[in-house]
Amino acid sequence: MEKKKDWWKESVVYQIYPKSFQDSDGDGIGDIKGITNRLEYLNELGINVIWICPIYKSPMDDGGYDISDYYQVDDMFGNNEDLDELINKAKMYDIEILMDLVVNHTSDEHEWFEKALADPKSKYRNYYVFKKGKDGGPPNNWRSYFGGSAWEKVDGEENMYYLHAFSKKQPDLNWENEELREEIYKMINYWLDKGLAGFRIDAILNIKKRFEYGFFEPDGEDDLVFIGKWILNQPGIEVWLNEMNEKTFLPHNSMTVAEADVPENRLKEYIGDNGYFSMVFDFSYTDIDVPETGEWYKQRNWTWEEMKENIYQSQYITQNNGWGALYLENHDQPRSINKYIPKEHINDYSKKMLATLFMMLRGTPFIYQGQELGMTNIAIKNIDIYDDIATKDQYKRAVLSGMSEEEALEHMNNRSRDNSRTPIQWDRSKNAGFSKSDNTWLPVNENYKLINAQSQREDEHSVLSYYKKLVALRTKSIFKDIVIYGEFGEFNIPESSIIAYERKLGHNKILVLINYESTKKSINLGNEFTNIILSNYEDSVINEDGHCTLRPFESIVITNIGDKIDENKK
């Protein structure tokens, strides 16, 4: 892939959760060689960038987001030579590699933190956020993202605590320390110099803290208050983000996507022409079911009208400020089909409808492993089977709020992050072809004989085949430039319970129609759009007078041009 400016706008990204992608050595855990062995499949899908969740050395308290050595691959996944091989072989398929960048915190088993604990007077004490307690307890009543106090008492020291916005095994780094920042930049450049194309950047808006002592008004049954008000996107963070960009990403022409819920009035700083990052993820429709406090066991009663409004608003805001990242699933989400579609209507039509909805929007799409197969949530019958630390905390809080254990478990089955972390379903053989082990690290979904890559590769009407067509529209078709660079605009029709939007480049247009309900919808498009490019039904029709009937969960992609793009009207 030629590394021209903004090359990442023309990319389609495939996210891999390595523990669940492919086990090559029979230990029940996916690894780097497993990814290398599946490059041909990814090439067939048509993607050109892979984002791999953390594979650094880690005690795995939070799925590898607790890093104990930034420079070493964890033995669980292989070694650094395996990663070098993956990077080089991927390039043979014109596929670039992104890795996760986790620099808000490290593991408590990182050498820096161990030295900080061993010697309070060492320079490493200032690599982290240590504060004295107040009134015989923690400095304040902040709640961590994973529940419980965000402060952990230091053993052997009187009245001393360290901050952890996530688990107690993930102490927050002190970005106020210039020496610490330089260590981080050195590490980033090490990986970029090895051939990485860039990073997905984890929890980056938390790096600037606004510390206050005191007891603040609680917002939950635990007498704690959500920490976000004091550590999310605080004034001054822009200095460090700009410094990091100039010292690492810019010189390498890197692709960077930040996990960052940025306020609209600051978005241009982050993703504009001179922004800190290539793009940021938008959470307005993927977290539509989650309350502001993050207590997802109390899921909101959202509506598709809200969903549509959030998508439109996100597209307009992002378009006016820079470039965005599109997704419906990732390692922190349940399966999208279960979130957005009622159980009784989950089928290939509704799966393809969701695929059309997000893949045709403006921005770089991220497909999460198994999404292209229409994989679903897993029903887990015992909380002890879950691996995810956040799920176990939410379960405890649900029970504490008054739910029965059965009710709490049902909520976990609906929203747990482990729903998307079950092994990918390759074929009908043992463990869905993921591993030959008798014990996989998470259970394989029991529906693997019905939903798997092998059967879908052989079926031209499968969900997988449909994803291939959507990817090809963005990477190979004559409509490529419209789909990538075309402006987003709402297409006004009287029927409100339809998502209808245009992509426009000069006079050339594409219209996307989405029926997100289980009833038929009749609409009249006028006479501008006549040529159907793609549909999730085999026999979709637009009448000569522009009349169209959308069947349940039908999606249609239409253009106002014939088989050739009008190059003179771009």
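In this predicted model, helix α12, which covers residues 389-400, packs with helix α13, residues 405-415, at an angle of about 145°, and their axes are 9 Å apart. Two packed helices are described by the angle between their axes and the distance between the axes. To these two values can be added the handedness of the crossing, which for α12 and α13 is right-handed. On the side of α12 the contact is made by Thr391, Gln394, Tyr395, Ala398 and Val399, while α13 brings Glu405, Ala408, Leu409 and Met412 to meet them. Sorted by class, the residues in this contact of α12 with α13 are 6 nonpolar, 2 polar and 1 charged.

Helix α13 appears again when we turn to the open spaces of the structure. The second largest pocket holds about 640 Å³ of space, and its lining is made of 22 residues, among which Asn338, Lys343, Asn377, Asn413 and Asn414 lie nearest the centre of the pocket. Which elements give two or more residues to this lining? They are α10 and α13, and the largest share, 4 residues, comes from α13. The lining of the second largest pocket divides into 8 nonpolar, 8 polar and 6 charged residues.

From this pocket we can move on to the cavities. Rolling a probe the size of a water molecule over the atoms shows where empty space is left. How many cavities of 30 Å³ or more does a search of the whole structure find? The search finds 2 of them, and the largest has a volume of about 70 Å³. The residues that line this largest cavity are Glu329, Ser336, Ile337, Lys351, Leu354, Ala355, Gln371, Gly374, Met375, Val463 and Tyr467. Two or more of the lining residues are given by each of the elements α10 (336-340), α11 (348-359) and α15 (463-475), and it is α11 that provides the largest share, with 3 residues. By class, the lining of the largest cavity contains 6 nonpolar, 3 polar and 2 charged residues.

The second largest cavity contains about 30 Å³ of space, and it is lined by Tyr17, Pro18, Lys19, Cys53, Pro54, Met60, Gly63 and Phe77. Here the classes are 6 nonpolar, 1 polar and 1 charged.

Helix α15, one of the elements that line the largest cavity, also leads us to a sheet, for α15 lies across the strands β17 (499-505), β20 and β22 and runs at about 130° to β20. These strands belong to an open sheet of 5 strands, which are arranged in the order β16-β17-β18-β22-β20 with antiparallel pairing. At the edges of the sheet are β16 (487-490) and β20 (531-535), each of which pairs on one side only. From one strand to the next, the twist averages 25°. If we look at one pair in detail, β20 and strand β22, residues 555-559, are joined in the antiparallel sense over 4 bridges, and within this part of the sheet Ser535 stands opposite Ile556 of β22.

A second sheet, also open, has 3 strands in the order β6-β9-β8, and the pairing is again antiparallel. Why is one side of β6 and of β8 left without a neighbour in the sheet? The strands β6 (130-132) and β8 (151-153) stand at the edges and have a single partner strand each, so one side of each remains without a neighbour. With direction ignored, neighbouring strands of this sheet are turned by 35° against each other on average. The strands β8 and β9, the latter made of residues 160-163, pair in the antiparallel sense over 3 bridges, and in this pairing the bridge partner of Trp151 is Leu163 in β9.

Technical notes
Residues numbered from 1 in each chain as written. Predicted model: local features only at pLDDT ≥ 70, side-chain atom pairs only at ≥ 80, totals over all residues. Heavy atoms only, no water. 1 Å grid on protein atoms, 1.4 Å probe; cavity = no way out; pocket = protein on both sides within 12 Å on 5 of 7 lines; lining within 4 Å. Points joined across faces, edges and corners; volume = space filled by probe spheres on them. Nonpolar A, V, L, I, M, F, W, Y, C, P; charged D, E, K, R; others polar. Axes fitted to C-alpha atoms, helices over the stretch in contact; angles between N-to-C directions. Left-handed = near helix turned anticlockwise from the far one by under 90°. Contact = heavy atoms within 4.5 Å. Pairing = 2+ DSSP bridges.
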